[in-house]
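Please open the structure in a viewer and keep the selection panel at hand. The tour below proceeds one selection at a time and describes what is found at each stop.

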Amino acid sequence: MTKRIKSNPLHRRRFLKRGVIATAGLALEAVPVQSKSFKASQKVAGYIERDHPESQMCLQCHAFIPPTDCTHVEGPVSPWGWCNYYED
Ligand code: SF4
């Protein structure tokens, strides 16, 4: 004689709901990791560091984030530095 086990639809629904929530949570955690690898290296960008102001420098660039960061190039960057991605 075999005993049949009935599956409870409420348990299955709760299990699937928790799986969807866990998957969404993992996907949200992965987003910052992808955005970190977006920046170019200083070598690829042709970044140069200066110790004096020039007509084009990081301090005047739209990508510059004070005091020493940049949205396009891996930091730190000098406010007087410059690279090929410079934007007025
Ligand atoms: S010049 Fe280059 S390194 Fe400097 S802020 Fe602009 S993009 Fe960044």
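Begin with the whole protein chain: of its 88 residues, 11% are buried. The model is a predicted one. Colour the protein chain by secondary structure, and two helices and two strands appear. Followed from the N terminus, these elements run in the order α-α-β-β. Consider also how the chain contacts itself: among contacts with a separation of 6 or more, 59% are between residues 24 or more positions apart.

Next, select the ligand together with the residues around it. This shell holds 15 residues, and those that come nearest are Cys58, Cys61, Phe64, Cys70 and Cys83. By type, the shell divides into 13 nonpolar residues, two polar ones and no charged ones.

Now select Tyr47, Cys58, Cys61, Phe64, Cys70, Val73, Val77, Trp82 and Cys83. These nine residues form the largest nonpolar core. Such grouping follows a general tendency: in soluble globular proteins, nonpolar side chains tend to be buried together.

From that core, choose Val73 alone and display its contacts. Leaving aside residues up to four places away in sequence, Val73 touches Lys39, Ala40, Gln42, Ala45, Tyr47, Cys83 and Tyr85.

One of these partners, Gln42, is the next stop. Gln42 belongs to helix α2, which spans 42–45. Is Gln42 buried, exposed or partly exposed? Gln42 counts as partly exposed because it has 18 C-beta neighbours inside 10 Å, and 20 or more would be needed for a buried residue. With residues up to four places away in sequence left out, Gln42 touches Tyr47, Val73 and Glu74. A distance from Gln42 to Pro76 can also be drawn: the two are 34 residues apart along the chain, and their C-alpha atoms are separated by 9.4 Å.

Move on to the loop between α2 and β1, where two residues deserve selection. Ser55 lies in this loop, with β1 at 64–65. Ser55 counts as exposed because only 6 C-beta neighbours lie inside 10 Å, and the limit for an exposed residue is 12 or fewer. From C-alpha to C-alpha, Ser55 and Trp80 are 9.6 Å apart in space, although 25 residues apart in sequence.

Gln60 is found in the loop between α2 and β1 as well. Its 15 C-beta neighbours inside 10 Å are why Gln60 counts as partly exposed. Tyr86 is 26 residues away from Gln60 along the chain, and 8.9 Å separates their C-alpha atoms.

The final stops concern the backbone. Most peptide bonds are trans. Select Pro66 and Pro67: the peptide bond from Pro66 to Pro67 is cis, with omega near 5°. Pro67 sits in the loop between β1 and β2, the latter covering 69–70. Then select Gly75 and Pro76, where the peptide bond is cis with omega near 0°. Pro76 is found in the segment after β2, and its C-alpha atom is the one already joined to that of Gln42 by a distance of 9.4 Å.

Terms used
Residues numbered from 1 in each chain as written. Predicted model: local features only at pLDDT ≥ 70, side-chain atom pairs only at ≥ 80, totals over all residues. Near = placed C-beta within 6 Å. Nonpolar A, V, L, I, M, F, W, Y, C, P; charged D, E, K, R; others polar. Core = buried A, V, L, I, M, F, W, Y, C linked by C-beta atoms within 7 Å. Contact = placed C-beta atoms within 7 Å. Helix = DSSP H or I, 4+ residues; strand = E, 2+ residues; numbered from the N terminus.
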